[in-house]
Amino acid sequence: MDKRKVEEYIFKVLMLGAVLIVIGSLVFILATILVKGLPTLSWEMITKTPQGGYYMGKGGGILNALLGSLLLGIGATILAAAVALPIVFYLNLYLRRRSRFALAVRFFLDVLWGIPSVVYGAFGFTLMIFFGLQASLLAGMITVALLVLPIMARGMDEVLKMVTFELQEASLALGATRLETAGKVIFRQAFPGILTAVLMAFGRGMSDAAAVLFTAGFTDSLPYSLFKPVATLPLAVFFQLGTPFPEVQSRGYAAALILTAIVFSLSILARLITRGMNKHVIK
Amino acid sequence: MDIRHWKDLLARRLMFLLCVFVLSLLFCIAWGLYHKASPVLAAGSWQAILFSSDWHPSQGRFGLAGFITGTLWVTGLAVVVAVPLSLLTAIFLAEYCPVRLRDVIKPVMELLAGISPVVYGVWGVLVVVPLVRDHLMPFFSGRFPFFPFASDNYTGFSALAGGLVLAVMVTPFMISLMEEVMRGIPFGVRESSLALGATSWQTTKKVILKKAAPGIVAAVILGLSRAIGETMAVLMVAGCALQGFPRSIFDTTYPLPALIANTYGEMMSVPLYDAAIMLAALILLIITVVFNMAAWGILLHLERRET
Amino acid sequence: MASEVSQNHIRVRDLSVRYGSTRVLNNISIDIPDKKITAIIGPSGCGKTTLLKSFNRLIDLQEGVSVSGQVFVDDEDIYDPKTEITHLRKRMGLLSQRPQVLPMSIYENVVYGLRVHGEKSKEKLNAAVERYLKEAHMWHEVKDRLHTSAAKLSIGQQQRLCLARGLAVGPEVILGDEPTSALDPISAEQIEQRFLALKDKYTIVLVTHILRQARRLADYVVFLYLGNLIEHGPAEEVLNNPRYAKTKAYLEGRFIEEPEIEKELDLIKLTFPESLKALEKVFKELKVGQVLRIVSGEKNLQGLIRSPLVAQHTVLEIKKRDALTSEVIMQKNEGGYSI
């Protein structure tokens, strides 16, 4: 056999190996979480708050963290969307394609995306002190909103870039202002994509722990005030794993399973949306 | 002017202000952290903090060098594992993979990227740590009792475990970036090489990889900076006990992000402790921002060259 | 003449458009006749679409565009910064190359413009939908599914929907940018029929690269070449007896050659009699078939062109340089020159 053929063959084998490792690791992670988490998973876990001595093996559940994470995620996502949407519409509708300002904003969004969540956490902590807040749902929301803002904005930006210039032109030609064009035409056209970006950001916000460690705190009670600490799912996993009791640890695995299930459902939902919700969308 | 135009104008101003907010956010973060870190910088020289590994907060000694090298040590391990894996997978996806298989692999990769860091940590504790403890460590440390394998840490919570978990975490991210870069190369480039009788591997090696090289470098830098900042998973598997400078991949290590996350409870009780932690965050910010700026600079430059 | 001119909806004066450093239109001056179909023809890339979109300022959206000169719509200079663009655009319907339906139902597409301009009455909107879909000749096709997505219509129907949508805002002018180029022959035919039916009520300007379409529809023809206005006039005249060589070449499907200029003559500073003398002298020196470029001030231009001396030779092209000067490109004829 030809030497170059041999080389190609070797690399093909290596490539396949790499692909298998990457996919295998996902399967492996899922399998591990399932096998370890499923036996402990119970109705009680998601319907009860921790009872006294929960972290030493007594009864209860993690409803506090589940609700806390959902609330915090939803709040943060809404905050981030309220900033991200206007920005991407400004970049794509109001500014010209080669605008230097738009380039700068995109570049900064990319850089912000790369900042570790623990740094956002630390920054959120400084903000908290500055505004005299304690670790609370609100502080956590703001911090996570900052964390997911660049992810969401860049996701939406990619979607809006795909909307043809002619569609914008068609609306402007009828005498609509840019704002009307943005709200009534472009938003509808890009809606599935925008929603996908929002859901992805929500998943990301929910699953992050380092940002909320400083800012949201942790509590065994259900969230009831914006200004009080709130429990979150990733931290619930982390804390339960940190205890020396095997039964508490295995409840941590179950919590990890719940968290993963939520994130996966969001991801799958996002996929279904891009396929299903394009009734009026023009291809 | 009627009300419609006022609305349009108002929206325009507001949108512009929000863009300015994004542009200023980075500076706000940097300034906020610097402001909070300044007491510790005022108390001792920054050289003493950056280059000393003398970490005794209760005695007012805040040498961060041990944590910084710990970060580099774990990240380095992760990159050594992740780069070949990502590059090979990305080449496969961009150049060899049938479309239908790609449609399966890409979503899988996205799912992998979406998993919570804490869950990666759980997996690390359950799988990677025992793997290191029961197999890798006895095997290597016994046979090669020298740097960087010699160690007396038999727990499995180690730099290597952290590096492996990090590698799995950043791989999907690097793959999607690298693949995007390679697929951005026009098809004609491949065609002209294949037309000259090159095999597809030769084309990949001599043409595609060469053209994609800057983009691949950027992807590696981004993966690296992501690994540097990753907190929870590493915190859970790396052992997090300070042992000065790293001597073995099987020793515990204590990276910077883990330090920040680990001390959230106690840092207000010791003077200057919180300032030192904010300084750690600032250092992390500077490292990742520099890396990101370099990498996105490369990628934006490539994108503009193409269009 | 002046009073007649000011009645036209669209008057263009010395319009130049650049994209960055490329000139797309050079000093175009033209009046678009009302309630007629005007066809803008010319090879691709000659600035047809740019001219069309300058009428409702959609060229503003292009990258790095700069415009000089004036376009008057109903005696209002639309490039005046004080002009309300949205009101201007309301007065002109646009049909683009590919139909661009909006991502909503058929009904919502038609009333979009009305809603944007503040119409809220349900009855009026319903009436408008019926009326304009009828004008676009598609009411019977869609009246039972007005609330289904417009994206599901065939491409020909989509273009007629775009027409109805454009008519609904009550424009005086319809602009068509090769509106049939993406359509199948039958749909294209339907659109053409609509134009013929609507031309009594609207001023219609079409960009087309299909000469036969221009012949079928146009009352008035504008021929552009490389950003220059070469010739314009009633369709009969321009399409059957073009005055200038480039128009003729284009209509016959020949390659349009830039004439090789043999000699230049600058007449700007001369009086009319002096100009004639200079011209006479130069023609004597030229060989038959050679080409001469004359630069002349505007006030002498008409006299020069009508003079017997010039009439003996072929005028290839008249180009406006700026508001006050023009270039005339002439070829010396066989018959030579005698007085």
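## Strand pairing in chain C

Two strands count as paired if DSSP finds at least two bridges between them. This is a predicted model. In chain C, strand 7 covers residues 173-177 and strand 8 covers residues 203-207. The two pair in the parallel sense, over five bridges. One of the partnerships joins C:Asp177 to C:Val207, which lies in strand 8 of chain C.

## The sheet around them

Strands 7 and 8 belong to an open sheet of six strands in chain C. The strand order is 6-7-8-3-9-10, and the pairing is mixed. Which strands form the edges? They are strand 6 (92-95) and strand 10 (228-234) of chain C, each pairing on one side only. From one strand to the next, the twist averages 15°.

Helix 7 of chain C, residues 155-168, lies across strand 6 and strand 7 of chain C. The helix runs at about 170° to strand 6 of chain C.

## Where chain A meets chain B

Chain A puts 64 residues into its contact with chain B, and chain B puts in 69. On the side of chain A that touches chain B, several helices each supply at least two residues. Among them are helix 3 (63-94), helix 8 (178-207) and helix 11 (246-276) of chain A. Helix 1 (3-37) of chain A is another. The largest share, 18 residues, comes from helix 1 of chain A.

What classes of residue make up the side of chain A that touches chain B? There are 46 nonpolar, 10 polar and eight charged residues.

How values were computed:
Residues numbered from 1 in each chain as written. Chains lettered and ligands numbered in written order. Predicted model: local features only at pLDDT ≥ 70, side-chain atom pairs only at ≥ 80, totals over all residues. Helix = DSSP H or I, 4+ residues; strand = E, 2+ residues; numbered from the N terminus. Axes fitted to C-alpha atoms, helices over the stretch in contact; angles between N-to-C directions. Contact = placed C-beta atoms within 7 Å. Nonpolar A, V, L, I, M, F, W, Y, C, P; charged D, E, K, R; others polar.
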